[in-house]
Structures are given as structure tokens and as C-alpha cells.
Amino acid sequence: MQANLKVRRFNPGEPGAQPRFQEYSIDVHPDSTILDALIQVREEVDGTLALRCSCRASICGSCGMRVNGRARLVCKTRVEHLAPNGEQLTIEPMGNQRVVKDLVVSLDTFFNQIKRITPYMQPDKEPEHGEFIASNESMTNLLTAMNCIMCGCCVSDCTVLEVDPNFIGPAALAKAWRFTEDPRDSKRNERLNALNNEAGGIWDCTRCMQCVEVCPKEVAPMERIMEMRDAAIEAGNTNTSGYRHTESMYNSVKKHGRLDETRLAIDSAGWTNVPRMLDLAPIGFKALLRGKMPPILPHKAEDKQKIKDIYEKVEGERK
Amino acid sequence: MKYAFYPGCVARGGAPELYDSAVAVMKRLGIEWEELTKAACTGAGLLQEKNRKLGDALNIRTLAMAEQKGLDVLVICSTCQGVMSQANHAVQRDPEYLAEINKVLADEGLEYKGTTQVKHLLWVAIEDIGVEKLKGTFTKQLDGVKLAPFYGCYMVRPSAALGFAANPDRDTSLEIAIEAVGGEVFDFPGKTACCGFPILFINQRNSLRMVSNHTGAASDGGADAMVTPCPLCHLNLDGYQPKARKQNRGDKADMPIIHLPQLLGLAMGMSEKELGLQRHIVSTKEIVRKVDLITAR
């Protein structure tokens with residue numbers, strides 16, 4: 001079958017070089033992966049094309065690239081799956097990471113993020129019998145995050161990293177969760193406190209689910225970040241806008257059955273936070289003039305006691 | 001064609017023009033509905049952060065109320081769509097979890113069997129009504145109007161919960177709608193990114209950078225307006241655009257953020273007032289003027 005590839009080429013080492021697209025049209029085996037096709041281009045058409053790969057079986061995590069705007073392991077993606085009728089496939093290097101050449105990105109960003117979360121076990125004692133014994137359940141729980149092959153796909157498509165390179169990022173935060181949940185680690189609270197307080201920590205995730213969608217190993221980094229938010233709150237971290245934001249939503253739905261938008265804005269800022277209130281005021285005023293100000297008393301669900309009953313029932317189970 | 005209508009909190013709060021325009025458009029489309037006035041807020045993913053099961057129970061309660069009426073749920077908000085679809089997906093693939101949730105709902109005499117579908121007006125328009133019939137309700141062809149799609153995260157991810165495999169058109173639903181009204185699509189990578197709303201009150205700097213990047217890209221690309229099926233995206237991209245653009249690009253907010261029903265309404269020949277276009281923070285005058293100049297068929 002025909003594979004039509006449009007590949008982003010860029011060699012920052014060449015003086016005056018600018019990124020450009022180059023098109024290749026080749027005949028590939030119907031079972032070809034996009035990686036097979038790219039290797040075929042390099043071997044048969046254009047030896048100057050740079051790409052990184054190793055195992056070709058979605059184990060090593062070397063061949064993360066953007067295909068049609070979305071990060072994927074190209075060894076795990078068949079040409080036929082995305083372009084059954086010879087549609088053009090746009091192949092670019094991963095995002096949010098520095099391009100070394102063509103489709104190869106530097107691993108520095110990724111591993112600098114990993115280093116920030118102290119990526120090793122910190123037990124507080126020596127094991128009694130040569131090794132630490134952990135229960136099966138506790139290890140099964142860790143399997144999601146331990147499946148990470150460090151391919152960088154989640155980092156590539158993270159919408160926060162696009163605007164804030166200081167964000168610790170989905171892969172490193174999922175790795176952090178792997179240690180906060182490990183019964184052999186003694187620094188759970190210290191880790192959670194740091195991730196709660198640090199700029200670029202757990203509260204900066206937007207919950208956009210890009211990392212969940214693009215992860216080839218179902219690590220679901222965002223879910224892990226949400227669990228750490230909950231755990232950080234349980235560990236006593238209640239002085240963040242993020243905490244107040246969640247609480248406000250929780251209380252508003254409990255009380256009215258609906259979201260109270262005005263209250264959500266004020267609660268999140270903190271009622272005594274004068275600068276933030278002054279910041280909110282002009283936008284509130286503008287909305288008021290246009291008839292867009294949320295009602296002071298929010299719309300309420302009919303028969304809202306039923307909603308409160310569900311709260312009590314589910315919360316009761318948790319205790 | 002009848003649905004259980006779930007307008008969501010923002011259409012009844014900070015974006016009342018969405019509710020009004022959606023209702024006006026639904027009437028023209030021949031859609032009948034019963035509004036789910038007893039339903040709770042979906043929790044917008046935020047409530048789920050604190051207690052997943054509580055959020056799921058509230059959403060399955062809504063789906064069970066619709067199921068009792070024998071109706072699918074119609075929403076007009078990407079976030080409502082996504083959060084309800086996620087809850088639905090969770091119970092549909094795990095009968096034990098469904099039984100647990102049903103236990104919580106039993107006091108109210110509700111039992112969910114798992115048959116309700118949740119559908120955004122956008123999907124209803126192109127899947128249930130169909131593009132050809134939809135086009136038949138338009139009186140204007142928006143020739144020469146360039147529109148940037150902006151989906152809202154929950155309308156596109158996670159794709160497994162949103163039924164993308166069975167309904168491949170959902171991947172480009174907004175572009176299909178823009179083309180149906182005769183507009184030109186301004187395609188840009190930000191269309192499926194985050195608008196920044198979920199962190200607006202947590203990290204405003206990052207949130208406003210997102211607003212500035214997306215609306216700025218649309219302005220640079222010559223779009224007349226951005227169209228979104230999500231009122232939360234609208235609140236951020238419209239309400240905070242002046243501050244975001246000034247802070248990050250040093251320019252003026254010039255990108256109107258149109259709700260999907262407002263776009264359909266414009267093609268149906270509805271007035272600015274009917275669609276609440278005068279209520280936006282970023283002026284919609286230019287696009288309204290441009291559409292006014294197009295003669296009706």
C-alpha cells in the first residue's frame with residue numbers, strides 16, 4: 001500500500017536552518033507501522049532523515065513522535081490504521097521538548113522533570129531479612145504508574161507545559177505518585193507537601209486529559225495527579241486555591257444541587273485575599289453590565305434534598 | 001425527536017445567552033424536550049477529584065431520570081457531555097459498580113439499566129438530524145466567514161468514553177457544523193487544547209497564557225470568530241480575553257467567542273438580540289455586521 005508522509009525537517013546545528021516539511025511517497029507492506037515506513041524512507045529514499053528507535057515493539061519508549069498533531073509511539077501505530085486510503089500523515093517531533101534534529105528530541109526536559117520528584121525509594125530503615133516485603137495489593141496498585149516506559153508522549157502534548165516550562169509535568173508526577181503510594185517509602189508526607197507547595201506542582205494541572213489520551217501504556221498520569229491532590233489534602237494541606245476551589249464546588253452542589261459560580265470565584269481566591277478580590281471586581285462589573293453576571297442566588301435544583309441525601313449516603317460509606 | 005434536556009449550570013448562570021440561543025435553535029430544528037429540573041450539577045470533574053463515586057452517583061441519577069422517561073440526554077456544554085459520558089462509561093463496563101451506584105439511588109426509586117445516551121446539541125445536529133436536514137433549516141449561507149473551532153477538552157477526551165470509535169464524525173463535528181453553515185474553517189492546533197478555565201482561579205497567569213495563545217492564533221489567522229460548544233471555554237476565552245491579550249501579546253481582544261447555537265442561529269437568520277450576541281465581553285458587532293450583509297435565501 002501507499003504511504004504518504006509529510007515529515008518535519010529541522011537541523012538546528014546548521015547555520016540559518018529553519019523548520020520545513022518534506023513529503024515522501026513510498027510503497028509499504030500493508031502491515032507496516034509508521035516506524036517501518038520512516039525507516040524505509042531513511043534506508044531507501046533519504047539517508048539524511050534523523051529519527052530515534054530501538055525495540056520496535058513499544059517497550060523501550062524511544063520512538064515517540066507527533067502524528068497528525070498527536071503524540072504516539074510510531075512503532076505501535078500502523079499506517080493502515082490512520083491512513084487506510086493513502087491519506088497524508090504529518091509526522092513531527094514531540095512537542096514541549098527541544099529538537100536535536102528532525103524527529104529526534106532531547107531527553108533533557110524529560111529527565112530534568114523526573115529528577116525534581118526525587119525518583120528513588122527513601123526507606124527509613126534497613127530491611128530485616130535482606131529485602132523489604134510488600135503486599136501483593138500494594139504492588140498491584142502501583143502497576144498503572146510502573147507501566148511508564150518514559151517515552152515522553154504525555155510531556156509532548158501536555159497543555160500546561162506549553163505555557164509553563166516550570167510545570168513538573170505528567171510523567172514525573174505519575175512517577176511521584178508511584179513513590180507516595182509505595183508502602184516501603186518513608187517520605188510520603190514530605191513528598192506530598194512539596195508537590196502541594198511547589199510552583200509547577202500538583203495544582204497546576206488543568207485536567208485536560210491529553211496525557212490520559214496519548215499515553216501508550218495507560219498510566220493515566222492525570223488520574224494519578226488527582227489522587228495526589230486528594231492525598232495532599234488528607235495530609236493537611238488546605239491552604240491552596242486549588243483546595244478551596246474543590247471545596248467550593250463540593251459545598252455548592254451539596255447546598256443547591258448546582259454550581260454557584262460567583263461563590264466559586266470568591267472562595268477560590270479566599271475571602272480575605274484583597275488583591276484577588278480587586279482583580280475579580282472589574283470583570284464581574286463588566287459581566288454585570290452585559291447581563292452576564294451569574295445570579296447572586298444561584299439556580300437551584302428542584303427537590304435538592306435528594307441530592308444532599310446522596311452526598312450523605314456516599315460520604316457515609318467512605319467513613 | 002425528543003430528549004431530556006440538561007442545560008447545565010453555566011447556561012443558567014454566567015452564560016445565559018447560551019440557554020436562550022440553544023432553546024431558540026432547538027425549536028427551529030424541531031427538537032422536543034423535557035428539561036431535567038431535578039438533576040444535579042455534573043461536578044465538572046472537580047467534584048470527582050474529591051470523591052469519584054459521589055460524582056458518578058449524581059450523574060447516573062440524572063441518566064436514570066432520563067431513562068425512566070425513555071429519553072436520551074441532550075446537553076449544550078462540552079464539560080457536561082464529558083463528565084456524564086465518563087460516569088456512563090464507568091458503569092456500563094462494570095456491572096458491579098453499577099449495582100453499587102444503584103444501591104445509592106434506590107431510596108429515590110431509581111434504578112439505572114445503562115441505556116441512556118448523552119448527546120451534545122452538536123452531535124444531535126449532525127448525527128440525529130443529519131447535515132442535509134440541518135442545512136435545510138438555514139436561510140443564510142455564511143460565505144466568506146472564517147471560523148476557528150474550539151472544542152473544549154471534555155468533548156474530545158477521553159475518546160473511549162465519548163464513543164469516538166463508533167461515531168468517527170465526532171472527531172471533526174465542529175468543523176462539519178462550520179462547513180454546514182457555509183463558513184470557512186480556520187484550522188489550528190489549539191482547537192482541542194485546554195482553554196485554561198479549570199485553573200483560572202488557581203494559576204491565573206498560565207490560564208491567561210492559554211487564552212492569549214488560542215485567541216491570538218485565531219486573530220493572526222484572520223478568523224472572524226471562534227466557535228465553541230463549551231460555555232466554560234466561552235467564559236474564559238471571552239471574559240478574560242482583554243486581560244490575557246494585554247498581558248501576553250500587548251494587543252486588544254478582538255476575537256469574538258460564539259456559542260455553537262449562536263452560530264446555527266445566525267445561519268437560521270435569527271437576530272443579534274434573539275441570540276444574546278450583545279451580551280459578550282469581546283464585541284461581536286463585526287461578525288454580526290458581516291452576517292447581516294449576507295442576503296437571505
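**Exercise 1. Find how many residues chain B and chain A each bring to their contact, then describe the side of chain B.**

Step 1. Chain B contributes 48 residues to the contact and chain A contributes 51; two residues are in contact if their C-beta atoms, placed from the backbone, lie within 7 Å.

Step 2. On the side of chain B that touches chain A, at least two residues come from each of α2 (46–50), α3 (52–69) and α8 (204–220). Helices (H or I, at least four residues) and strands (E, at least two) are DSSP runs, numbered from the N terminus.

Step 3. With five residues, α3(B) gives the most to this side.

Step 4. Sorted by class, this side of chain B holds 24 nonpolar, 13 polar and eleven charged residues. Ala, Val, Leu, Ile, Met, Phe, Trp, Tyr, Cys and Pro count as nonpolar, Asp, Glu, Lys and Arg as charged, and the others, Gly among them, as polar.

**A word on the model.** This is a predicted model, where local features need pLDDT of at least 70, side-chain atom pairs count only at pLDDT 80 or more, and totals for chains, interfaces and linings use all residues. Residues are numbered from 1 along each chain as its sequence is written, while chains are lettered from A and ligands numbered from 1 in the order in which they are written.

**Exercise 2. Locate the domains of chain A and describe how domain 1 touches domain 2.**

Step 1. Chain A splits into domain 1 (2–105), domain 2 (108–234) and domain 3 (247–318), with bounds from an automatic or database domain assignment.

Step 2. Taken over C-alpha atoms, the centres of domain 1 and domain 2 of chain A are 29 Å apart.

Step 3. Each of these two domains of chain A gives 16 residues to the contact.

Step 4. On the side of domain 1 of chain A that touches domain 2, β3 (64–67) and β4 (70–73) each supply at least two residues. The largest share, four residues, belongs to β4(A).
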